[in-house]
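Student: Before we look at the model, could you take me through how its labels are justified, setting each value against its cut-off?

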Amino acid sequence: MALVLPEDGRIVACEINEDLASIGKPVWKEAGVLRKIDLRIKPAIETLEELLANGEAGTFDLAFIHADEESYNDYYEKCLRLIKKGKILVLDNVSTSEKVGAEQTLVVFLD
């Protein structure tokens, strides 16, 4: 995604595990997009709350949620406030059934 962003575009990436985040950093650097990625190592809900507290409600074009099932509702509610009207919210691995493997990606267009 960072490759297609405009020069002043940014991705706020939330990760709780520094070791996992370190896997991506060399790839981002090699691709020339390291400066576009604002990596936050902390619980994602804290990052979302900080973004809202800093007045960034309604400033994001896209939110992609791929997280633990228990926190989906909290992430969804916060991201709804962060996304501009007319933009996109993507929820990955949304359970649609109690059957194993019955997870799908849900795309929400906000208008």
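**Cysteines, cores and a pocket**

Tutor: In this predicted model, the count of disulfides comes to 0.

Student: How do you know that Cys14 has no disulfide bond to Cys79?

Tutor: A disulfide requires two cysteine sulfur atoms within 2.5 Å, and the sulfur of Cys14 lies 7.9 Å from that of Cys79, its closest cysteine sulfur, which is too far for a bond. Cys79 is therefore in no disulfide either, with the sulfur of Cys14 as its nearest at 7.9 Å.

Student: Why is Cys79 called buried, and why is Cys14 called partly exposed?

Tutor: Buried means under 20% relative accessible area, exposed means over 50%, and partly exposed lies in between. Cys79 has 6% relative accessibility and so counts as buried, whereas Cys14, at 34%, counts as partly exposed.

Student: Which residues have the most contacts inside the largest nonpolar core?

Tutor: That core has 15 residues, and those with the most contacts inside it include Cys79, Leu48 and Leu82. Helix 2, strand 3, helix 3 and strand 4 (83-95) each give two or more residues to this core. Apart from neighbours within four places in sequence, Leu48 is in contact with Tyr75, Lys78, Cys79 and Leu82.

Student: What makes up the lining of the largest pocket?

Tutor: The lining divides into 27 nonpolar, 4 polar and 5 charged residues, and its largest share, 6 residues, comes from strand 3. The space in this pocket is about 1200 Å³, and among the lining residues closest to its centre are Cys14 and Phe64.

Conventions: Residues numbered from 1 in each chain as written. Predicted model: local features only at pLDDT ≥ 70, side-chain atom pairs only at ≥ 80, totals over all residues. Heavy atoms only, no water. 1 Å grid on protein atoms, 1.4 Å probe; cavity = no way out; pocket = protein on both sides within 12 Å on 5 of 7 lines; lining within 4 Å. Points joined across faces, edges and corners; volume = space filled by probe spheres on them. Helix = DSSP H or I, 4+ residues; strand = E, 2+ residues; numbered from the N terminus. Nonpolar A, V, L, I, M, F, W, Y, C, P; charged D, E, K, R; others polar. Core = buried A, V, L, I, M, F, W, Y, C linked by side-chain atoms within 4.5 Å. Buried < 20%, exposed > 50% of the residue type's maximum accessible area, 1.4 Å probe, protein only. Contact = heavy atoms within 4.5 Å.
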